[in-house]
Amino acid sequence: MELKQLSEQLRTDGTAKGLCQAYRIRISGSRSIEDLVRLFIRGIDFCVINDYPTQEFMRENFKGKSEPYGAYVDDEVDEANLPHCVLNGRCKAFLEYDGYCVSRIYARHDTEGAINVADHAYVTIDAFDHSRLTVAVAGSDAKVLVNVYGDAQVECIGSGIEVTKTNKKTY
């Protein structure tokens, strides 16, 4: 699908789910996949709550194009110090954070992953749906905040990890 058609379909689908006018305008003005992924990450709360765009739509239109900007779909991800990372579908992830980095990770759908955090890194993780994560912290200066929603499961190893579980499926 061409970018213009893709943007129009995202705008139409978003409107049907209650997407605000400001984001509809931003989607229409997007000039690249990077612009669309940035909007997705910035509006992740709306996207998670409304399953927007759907996994199938992401597979068809973003897989193989959105990875350089931090959004993965059914991928094997082996990265370090990503500032933002959204794992959609059936991702298998191995993520490492160290130094003085700050990051936000969103694990959705059936994602499985291991996240290692060390040094002075500060990482916030939101785990949704049926995702399964193992989070390990080395040292006493790293900090990890984990928000667990729905049926997501998180195993924690080390200190400096704060886990908040909620019975809600989303935010």
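These exercises with worked solutions walk you through a predicted model.

**Exercise 1. Does length fit the helix?**

Work out how the span of helix α1 compares with what 1.5 Å a residue should give.

*Solution.*
Step 1: Helix α1 covers residues 3–16, which is 14 residues.
Step 2: The expected span is 1.5 Å times one less than the number of residues, so α1 should span 20 Å.
Step 3: Now look at the model, where the end C-alpha atoms of α1 are 20 Å apart, and this agrees with the expected span.
Step 4: Just past the helix, have a look at G18, which follows α1 and has a positive phi near 95°.

**Exercise 2. Find the buried face of α1.**

Which residues of α1 are buried, and what do the buried residues pack against?

*Solution.*
Step 1: A residue is called buried when its relative accessible area is under 20%. In α1, that picks out L6, S7, L10 and G14.
Step 2: Looking down the axis of α1, these buried residues fall within an arc of 95°, so they line one face of the helix.
Step 3: Here is a general point that helps. An α-helix has 3.6 residues a turn, so residues three or four places apart point the same way.
Step 4: Turn to the face of α1 that points away from the buried side, and you meet the exposed residues K4 and A16.
Step 5: The packing partners of the buried residues of α1 are α2, α3, α4 and α5.

**Exercise 3. Repeat the search on α2 and α3.**

Find the buried residues of α2 and of α3, and name the elements they pack against.

*Solution.*
Step 1: Start with α2, where Y23, R24 and I27 are buried.
Step 2: Seen down the axis of α2, its buried residues lie within an arc of 105°, so they too line one face of their helix.
Step 3: Q21 and I25 are exposed on the other side of α2.
Step 4: The buried residues of α2 pack against α1 and α3.
Step 5: Move on to α3, whose buried residues are I33, L36, V37, L39, F40 and I41.
Step 6: These residues of α3 pack against the helices α1, α2, α4 and α5, and also against the strands β1 and β3.

**Exercise 4. Describe the largest pocket.**

Which residues lie nearest the centre of the largest pocket, and which element gives the largest share of its lining?

*Solution.*
Step 1: The largest pocket holds about 280 Å³ of space.
Step 2: Its lining is made of 22 residues, and L36, L39, F40, C47 and Y52 lie nearest the centre.
Step 3: Elements that each supply at least two lining residues are α2, α3, α4 and β1.
Step 4: The largest share comes from α3, with five residues.
Step 5: Sort the lining by character, and you get 17 nonpolar residues, three polar ones and two charged ones.

**Exercise 5. Spot the unusual backbone.**

Where do N81, D119 and P53 lie?

*Solution.*
Step 1: Begin with the general background. Most residues other than glycine have a negative phi, and most peptide bonds are trans.
Step 2: N81 is not a glycine, yet its phi is positive, about 55°. You will find N81 in the loop between β2 and β3, and its relative accessibility of 31% makes it partly exposed.
Step 3: D119 is not a glycine either, and its phi is positive at about 60°. D119 sits in the loop between β6 and β7 and is partly exposed, at 42%.
Step 4: For the peptide bond, go to the loop between α4 and α5, the place of P53. The bond from Y52 to P53 is cis, with omega near -15°.

**Exercise 6. Take two strand residues.**

Is N88 buried or exposed, and which residues does E79 contact?

*Solution.*
Step 1: N88 belongs to strand β3, and at 1% relative accessibility it counts as buried.
Step 2: Setting aside residues up to four places away in sequence, N88 touches F40, M58, Y72, V73, D74, R108, H109 and T111.
Step 3: E79 belongs to strand β2 and is partly exposed, at 35%.
Step 4: Beyond its neighbours within four places in sequence, E79 contacts Y72, F94, L95 and E96.
Step 5: Finally, trace from E79 to A127: they are 48 residues apart in sequence, and their C-alpha atoms are 18 Å apart in space.

Definitions and conventions
Residues are numbered from 1 along each chain as its sequence is written. This is a predicted model: local features need pLDDT of at least 70, side-chain atom pairs count only at pLDDT 80 or more; totals for chains, interfaces and linings use all residues. Side-chain values use heavy atoms; hydrogens and water are left out. On a 1 Å grid over the protein atoms alone, a cavity is a set of points where a 1.4 Å probe fits but cannot get out, and a pocket is an open set with protein on both sides within 12 Å along at least five of seven lines; lining residues have an atom within 4 Å of a point. Grid points are joined across faces, edges and corners, and a volume is the space filled by probe spheres set on the points. Helices (H or I, at least four residues) and strands (E, at least two) are DSSP runs, numbered from the N terminus. Ala, Val, Leu, Ile, Met, Phe, Trp, Tyr, Cys and Pro count as nonpolar, Asp, Glu, Lys and Arg as charged, and the others, Gly among them, as polar. Buried means under 20% relative accessible area, exposed over 50%, partly exposed in between (1.4 Å probe, protein chains only). The arc is that of the directions from the helix axis to the C-beta atoms. Contact means heavy atoms within 4.5 Å.
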